[in-house]
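Welcome to the tour! Please open your viewer and get ready to select a few things as you read.

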Amino acid sequence: MVKKTTRVNHPPSVQIPEGNRPVVAPIYQTVKFEFETVDDTLRTLSGEKPGFFYQRSSNPTTRALELTLAELQGRDDCLVCASGVGAIAQTLLALTKQGDHVLCFLESYGPTRYLIRRTLARFGVSHSMLSIADLDGIARTLAAQPTRLVIFESPTNPINRIADIAAITRLARAHGALTLLDNTFAGMHQHGQYPVDYYLHSLTKFASGHGDVMGGAVIAQAALIGALRPDFSNLGGVLDPHAAFLIQRGLKTYFARYRLQSANAQRIAECLSGHPAVERTHYPGLAAHPGHALAREQMSDFGAVVSFDLRAGAQCARRFAEALQLFAMTASLGATDSLVMPPQLLGSRDLSEQQQRQSGIAAGTVRLSIGLEDADDLIEDLQQALAAAQLP
Ligand SMILES: *Cc1c(COP(=O)(O)O)cnc(C)c1O
């Protein structure tokens, strides 16, 4: 028998008998994995033998999540990160070098624009920024200069523009550029049929689904993920196994949530688009939406984000957002509870006035993320808030 001070550091290990597996996989809350021999350690480190060594490189709980996400997106490998922005930052750093050119879009997520325009610029990576609707501009830009990668989103934030994924991937391939699609709005089950090289996701949104855990992922074929692995391991923004466990648990209800939230969003978009105070409703499931036909071709579910322009502008939008009872005024989207962002919080101050106009965000644009509440309750709340904002 060892002494008690030794025992607490070497607790008894409980072996689960053959044929007696836990129904829910345990959380491997361990940073290190040990080996019996130096040779085994070296063979595992070189990749010759499968196994785990150090959590920053991999861990069975995070690995199970990676394999689930890859399959959902229709690719064969994945790396998860501590946040969506972490996944985007590490992917951009891993794929670019001094002298490269990146094509990005003014409709993209603010921190993505920051990473390209500020961070990559410091390392001598140049960029062009167009509107996602400007296919001629994309063709011209790719023809005019060698481009390392094209990074885009669909539907875009906040007004749900729909990128022509087939056209963009065709143009990029023709000019030898890699494509990165931030697929957070569409979710892990959509857009896998296109020849996109890398899919990026904020797992903070629909994957975890409950607004209580952050994570990010990049999904691609194995060789493309292999190209990222050394930089990811050394940049170090790893997902904690406990967070991976919570996200894996969230995924069990992912389809039920995404589809019900989409159905609620469709009803709310239809209701808003008939309201006299609303000038325009931006939801790809509406026949009047300019991207509707393309969205129907590309997507099976149109998502939980509904935005709309109030005729009366910013002050009314402020009163409207403050009058809502069931919608929390905050960032983020894709959770089970409904959220609102008034125009004062949607600003993209890093864009020029012309770019802001091109972005389609108007003075009275409001973004909603629709949750799992009863759609009638949500509609009633929206109607009372429209009335309270003293709109016609
Ligand atoms: C939220 C979001 C991100 C960033 O994800 P975090 O997990 O918050 O870091 C990236 N892209 C899009 C489209 C998002 O909505």
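We will begin with the whole chain and then visit some single residues.

**Stop 1: the whole chain**

Keep in mind that this is a predicted model. Show the protein chain as a cartoon, and you can look for 16 helices and 12 strands. The radius of gyration is 23 Å, close to the 21 Å that the globule rule gives for 392 residues, so the chain is as compact as a globular protein of that length. Along its principal axes, the C-alpha trace spans about 80 × 50 × 35 Å.

Now switch on the surface. About 18600 Å² is exposed, and carbon and sulfur atoms supply 53% of that area. Of the 392 residues, 52% count as buried.

**Stop 2: two domains**

Colour residues 58-251 as domain 1 and residues 255-389 as domain 2, following the domain assignment. Their centres, taken over C-alpha atoms, are 24 Å apart. Where the two domains make contact, 35 residues come from domain 1 and 37 residues from domain 2.

**Stop 3: Leu95**

Next, select Leu95, which sits in helix α4 (residues 84-95). Is Leu95 buried or exposed? Its relative accessibility is 5%, and buried means under 20%, so Leu95 counts as buried. Show its surroundings too: leaving out residues up to four places away in sequence, Leu95 touches Asp100, Arg148, Leu149, Leu178, Leu180, Tyr198 and Leu228. For a distance to try in your viewer, pick the C-alpha atoms of Leu95 and Leu246, which are 29 Å apart. Along the chain, these two are separated by 151 residues.

**Stop 4: the loop between β4 and α7**

Move to the loop that runs between β4 (149-153) and α7 (165-174), where you will find Pro155. Here is a helpful rule before you zoom in: most peptide bonds are trans, and most residues other than glycine have a negative phi.

Ser154 and Pro155 are joined by a cis peptide bond, with omega about -15 degrees. Pro158 is found in this loop as well, and the bond from Asn157 to Pro158 is also cis, with omega near -5 degrees. Asn160 has its place in the loop too. The phi of Asn160 is positive, near 60 degrees, and at 1% relative accessibility Asn160 counts as buried.

**Stop 5: Ser332**

Finally, select Ser332 in the loop between β10 (328-329) and β11 (339-341). What is the phi of Ser332 near? The value is positive, near 80 degrees. Ser332 is partly exposed, with a relative accessible area of 28%.

Methods
Residues are numbered from 1 along each chain as its sequence is written. This is a predicted model: local features need pLDDT of at least 70, side-chain atom pairs count only at pLDDT 80 or more; totals for chains, interfaces and linings use all residues. Side-chain values use heavy atoms; hydrogens and water are left out. Helices (H or I, at least four residues) and strands (E, at least two) are DSSP runs, numbered from the N terminus. The radius of gyration is taken over C-alpha atoms; the globule rule is 2.2 Å times the number of residues to the power 0.38. Buried means under 20% relative accessible area, exposed over 50%, partly exposed in between (1.4 Å probe, protein chains only). Accessible areas come from the Shrake-Rupley method with a 1.4 Å probe; for residues, only the protein chains shown count as cover. Domain bounds come from an automatic or database domain assignment. Contact means heavy atoms within 4.5 Å.
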